[in-house]
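Colleague: I'm new to reading models like this one and would love a slow, close look at one small part. Could you then show me what lies around it?

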Protein chains: 4
Amino acid sequence: MIVAMKKGATGDQVTTVVQTIQQFGYRVGSIEGEEETVIGAIGLGDVTACLEAVGPLPGVMRAVRISTPFKQVSLTFRPVRTVVKVGDVSIGGEELVVMAGPCAVENEEQIMAAAEAVKKAGAKILRGGAFKPRSSPYSFQGLGFEGLQLLHKARELTGLSIVTEVMSAMHVDLVSNMADIVQVGARNMRNYELLKELGRCRKPVLLKRAPDASITDLLLSAEYIVEHGNSDVILCERGIVTFDKEYTRNTCDICSISVLKDLTHLPVILDPSHACGRRKLVPGLARAGVAMGVDGLIIEVHPEPRKALSDGSQSLDFPQFSKLMTSLGSLREVWQESRREFNGTSHLVALA
Amino acid sequence: MIVAMKKGATGDQVTTVVQTIQQFGYRVGSIEGEEETVIGAIGLGDVTACLEAVGPLPGVMRAVRISTPFKQVSLTFRPVRTVVKVGDVSIGGEELVVMAGPCAVENEEQIMAAAEAVKKAGAKILRGGAFKPRSSPYSFQGLGFEGLQLLHKARELTGLSIVTEVMSAMHVDLVSNMADIVQVGARNMRNYELLKELGRCRKPVLLKRAPDASITDLLLSAEYIVEHGNSDVILCERGIVTFDKEYTRNTCDICSISVLKDLTHLPVILDPSHACGRRKLVPGLARAGVAMGVDGLIIEVHPEPRKALSDGSQSLDFPQFSKLMTSLGSLREVWQESRREFNGTSHLVALA
Amino acid sequence: MIVAMKKGATGDQVTTVVQTIQQFGYRVGSIEGEEETVIGAIGLGDVTACLEAVGPLPGVMRAVRISTPFKQVSLTFRPVRTVVKVGDVSIGGEELVVMAGPCAVENEEQIMAAAEAVKKAGAKILRGGAFKPRSSPYSFQGLGFEGLQLLHKARELTGLSIVTEVMSAMHVDLVSNMADIVQVGARNMRNYELLKELGRCRKPVLLKRAPDASITDLLLSAEYIVEHGNSDVILCERGIVTFDKEYTRNTCDICSISVLKDLTHLPVILDPSHACGRRKLVPGLARAGVAMGVDGLIIEVHPEPRKALSDGSQSLDFPQFSKLMTSLGSLREVWQESRREFNGTSHLVALA
Amino acid sequence: MIVAMKKGATGDQVTTVVQTIQQFGYRVGSIEGEEETVIGAIGLGDVTACLEAVGPLPGVMRAVRISTPFKQVSLTFRPVRTVVKVGDVSIGGEELVVMAGPCAVENEEQIMAAAEAVKKAGAKILRGGAFKPRSSPYSFQGLGFEGLQLLHKARELTGLSIVTEVMSAMHVDLVSNMADIVQVGARNMRNYELLKELGRCRKPVLLKRAPDASITDLLLSAEYIVEHGNSDVILCERGIVTFDKEYTRNTCDICSISVLKDLTHLPVILDPSHACGRRKLVPGLARAGVAMGVDGLIIEVHPEPRKALSDGSQSLDFPQFSKLMTSLGSLREVWQESRREFNGTSHLVALA
């Protein structure tokens, strides 16, 4: 943390700033130029609280954080890429991993048909919601435990691994027993009780970015899981909230993929279905993500999208998904090139 | 729901639309003009899923929701204002209710000092966090149960009622036993498991708007609580996320106060502290909210803001709070005038 | 500007940073701590270009601007409030100035009726558009020169001063000859050719904030006008673009009023009509702005809003405007109190 | 336009709505169901003004626009793709067109070096600003006429066509005489006087999306140019404003490429340099745009980015640009596949 004092700041004002910083556990290095004084805080402390305390003090021109608030998930902290193993699939390594399936498990016939179709097309992991977070209490809320059982059955049938959402710390044991990857939905990205509980679970966690989360917010939520003991975290871009909701449900922040590959060692995947929310736009967006070097995709696929109980307008049918999977093949070379650009150490610094 | 078909849409396309709508449990009224066909869906069904299914069908020009997705919280549905009683304080009635206190309970001395000071200045309810949702796992996370006990002690000492946050469905019993109003923080506005549990609790709920929540999203989260049995819900504007984070932490959507007063019978309060995040701006914003006719305010007050473990930069000290409370008095006439403008029935309709 | 180097940055990296900064005309003060090096740039130069050059250099942890990029409009630079005189009206002084009238001049009858009505209710300045910037080429584009003549006539009839918009540098002479205040609409806030031309004109300029402009952007546009010779600039908040367009046309960034009063000596007014875009919400928002201490209001008023050629849904009719004006009277005390809080010097610093 | 009346709306309320609509020049088709009345407006009129007038009338539940407000630029209106010819280059046809060069023309040596380098790497059109819109009056404002002359010289030397910006209606003749494509910058997208003047000029126009412009806003600005006589308009996505400005300058709305290809027959290009604002992210984003099927790219390239007078942090140097151009080659197959998905007619409808 660095504090630049205003021109003409008094000695007393500097002293108050220094004492306030020290009170948060930092050592202080003060530098006095001819015209301006800059104070640096060195060491470990609660930088957020310290910035909040120092910012409004008299004589302060600007107080800025210098180091990133996330640590263990940072590529600088741990300069080796995390590869998350799920069965014989490696997420974050040399293969592009596609997860696919319906928004929600609706019945046995639907999930079995979806599982077989996505497997046949080349997906490695089956997605499907049993517990569904819905904006309205009157919308379909998922099959709950029965949905988990159907996913289990689909795994037995197809050999696909399963990713499904958990909505409450109370359900972590239940869901993590049945699933291979436990998903935290965008609306729960800041449900810290849930994150802490997932830190204690032994399954990989797929953490979706909240629509209003900065890159730093997302990494701090991942940090919660890692700090509480679970380092197998997969990050997922799924669109952010912007003024532009005329033709797409969210705005895909496609550059966040590159920014995250630069900042963190954790794998990063893209959910093109939620990011755009329109079936016609999903294939193009999936291809764009792969061209940028994403570690994987998670895509909504439904046997009959127009009969879907949720997300029908963004679900691909089987032929559309199959066609998309084929076209991804020709992106291999570009995918590798984009990934090579993020070898080595972190480079980007926050703008100010 | 109304579906406008494109000029030249075929009979088959119309039939598919009609059948798709019917499949979601609606009756259909189709109207054929000379050049265009408009189809109306009548009855009750999952309008979200239906819109998702119909929107992408061939021949559809536009499919729009007509009625609001929230029901029980709507002023049209229940044209009588809800007044939430907490001890002898009425929120939503003829008095402006001020809740105040520190962001977090830090220790006994701090919370007792704050309780006495805010009571003396005229606040009716004491705020203070025991369980703190923090972006970083390295920030102060609150005193937990010990914090609740200190709040209890402050209530005994001062007679003030208590509002404090609950972060997990698992803690609802614990917190609602100790608190007079249970707060749902902005980050948990879409924690539906928590909302359902609060529907079953017997204490009023203070529901904060998430920074990325539309008015409808907020009302749907309130609807979860009401639908699950608890109709004592207080809504709270606390700033939204926008591009404009240069000088304020959030952007106060001050007009949401009026919009909510028009749409819902539930009380609406303003949190000027989080909405702007800067001590110097809090008094002016509080006055603006009162001039608009808000039912109450919730304000952060700390004995020594620059030693606060959280939110120091937006907390008022005691003299500042006391001065603000005095100035609110002269707003009574304007406050009443603004409220009179929202007597009667709901008037605003969603823009398109 | 301050540059914090990464831990372990090499001497060569530091040298490159120093040379790059010097190349932009700055002197450099380098400070080496035990673990970290901080480099300060002193003097005057193109800080934007310098930040862009230094930010991506190897070894740089963070490069931040310290001083504000605006100078002459800053309250720190010129610690005396600017009062803009228009006839015998003073904007920025001891009176709240209300400007009112229709969105566009439509015909003689309409503008004369409006002029008389707003004058009778207490407005001091008549607004009305002759040149109208409209999103669609098929919408009413204003009466142009004829509209200016009708405004001139209304001034003769009522004695009200006139504020009207100019859309092009080519029309500055024409409009400034006919108007008492020349308005720059939100869409032209970054039309720098227009701003430069207005710097050369001898009439006060009402500069509206663009919906996507930060506070700094707005102040930099004002700086263009001042730097080119015209220091009579009035700033106007009129709503920003956010995700929240469900019930209001824009989101009123009400706190920008306080932020601007803190940062600049220029007068600041509020346009509640555009900021919310809904007639029912205008009076409450106008009162909120006054409670915050705004220097003036600009309000759309139309004889028959539902026959208006533009902005009908946000225009007050005569009785509504008259009623609002009456209610503003009881806010005088609070208005003064809010203004006192922004006496003295600038206090807020940019967040980081 | 369709107006849904509230349940229980009176006959008088319906009559008022009908009369109001008719007053704007529409015929009315009213449909009365058992419980609800829907009113449709048929014909041509000022739909914006009509919506503004009808929306607030008593008894109205919702008033929505059905058809798009843009006409001539719509793919439905003109179902043949526009191909813009510039010399022997075709934009919007079977080739991906890359425009490249420095942000601003700084001096002869710089622009000549850039022109030769980008030509060698495969660019077809040289970009370079002579008139520069800058947020601050203290930043480099471009070389003006001298810059145009240098661009002219670079064209003579290399044979590359030139794209450069015009900032004022007064300069349209000057710039269009020297340039092959005239660019409207994002800040002037709503400078309607400029757009009208460009409608009268005989050179293609490159129209950049403003950071706060919806897709419809952008298409309406294009409609201004086409309506005033010039149908050679190229649209350009260059990033929008969002809360997410931590690591990127803007947020690239990559899906807008697909949305635009669906809605309009005009060519659509991507400016990855401004969209992300960080050199390291430009190549990945450029590849993503090509994978989505964009008609072209416009990329900032500078001989020595860290000496650039503007946009240094987002400019590629020559080797980086050359490497990027090589990698784009392997995207040809995917590029064609994405484009095939937008053959045929427009499919997307606005969400509501």
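Colleague: Which elements of chain C do the buried residues of helix 2 of chain C pack against?

Modeller: Happy to walk you through it. This is a predicted model, so local features need pLDDT of at least 70 and side-chain atom pairs count only at pLDDT 80 or more, while totals for chains, interfaces and linings use all residues. Residues are numbered from 1 along each chain as its sequence is written, and chains are lettered from A and ligands numbered from 1 in the order in which they are written.

The buried residues of helix 2 pack against strand 1 (2–5), helix 1 (11–23), strand 3 (37–42) and strand 4 (60–64) of chain C. Helices (H or I, at least four residues) and strands (E, at least two) are DSSP runs, numbered from the N terminus. Helix 2 of chain C spans residues 47–54, and 7 of its 8 residues are buried (20 or more other C-beta atoms within 10 Å of a residue's own; 12 or fewer is exposed, in between is partly exposed, with C-beta atoms placed from the backbone). Those buried residues are C:Thr48, C:Ala49, C:Cys50, C:Leu51, C:Glu52, C:Ala53 and C:Val54.

Strand 14 of chain C, residues 296–300, is also mostly covered, with 5 of its 5 residues buried. C:Gly296, C:Ile298 and C:Glu300 point one way from this strand, whereas C:Leu297 and C:Ile299 point the other way. In a regular strand, side chains alternate between the two faces of the sheet. Strand 14 of chain C has a parallel neighbour in strand 7 (residues 97–101) of chain C, joined to it by 5 bridges; strands pair if DSSP finds at least two bridges between them. C:Met99 has C:Ile298 as its bridge partner. Strand 13 (residues 268–270) of chain C also pairs with strand 14 of chain C in the parallel sense, over 2 bridges, and here C:Leu270 is partnered by C:Leu297.

Next come two helices of chain C. The axes of helix 10 (residues 282–292) and helix 12 (residues 332–340) come within 6 Å and cross at roughly 50°. Axes are lines fitted to C-alpha atoms, for helices over the stretch in contact, and angles run from 0 to 180 degrees between N-to-C directions. That crossing makes helix 10 of chain C oblique to helix 12 of chain C (under 35 degrees is roughly parallel, over 145 roughly antiparallel, 65 to 115 roughly perpendicular, and the rest oblique). C:Val290, C:Ala291 and C:Met292 meet C:Val334, C:Trp335 and C:Ser338 there, where contact puts C-beta atoms, placed from the backbone, within 7 Å.

Finally, let's look between chains. In chain B, 24 residues are in contact with 24 residues of chain D. Strand 1 (2–5), strand 2 (27–32), strand 3 (37–42) and strand 4 (60–64) of chain B each supply at least two residues of that side of chain B, and strand 4 of chain B gives the most, with 4 residues. Chain B can be laid on chain D with an RMSD of 0.0 Å by a turn of 180° and a shift of 0.0 Å along the axis, which is the relation of a two-fold axis. Such copies are superposed by least squares on the C-alpha atoms of residues with pLDDT of at least 70 in both. Of the residues of chain B, B:Phe243 comes closest to the rotation axis, at 2.0 Å (C-alpha).

Key:
Contact = placed C-beta atoms within 7 Å.
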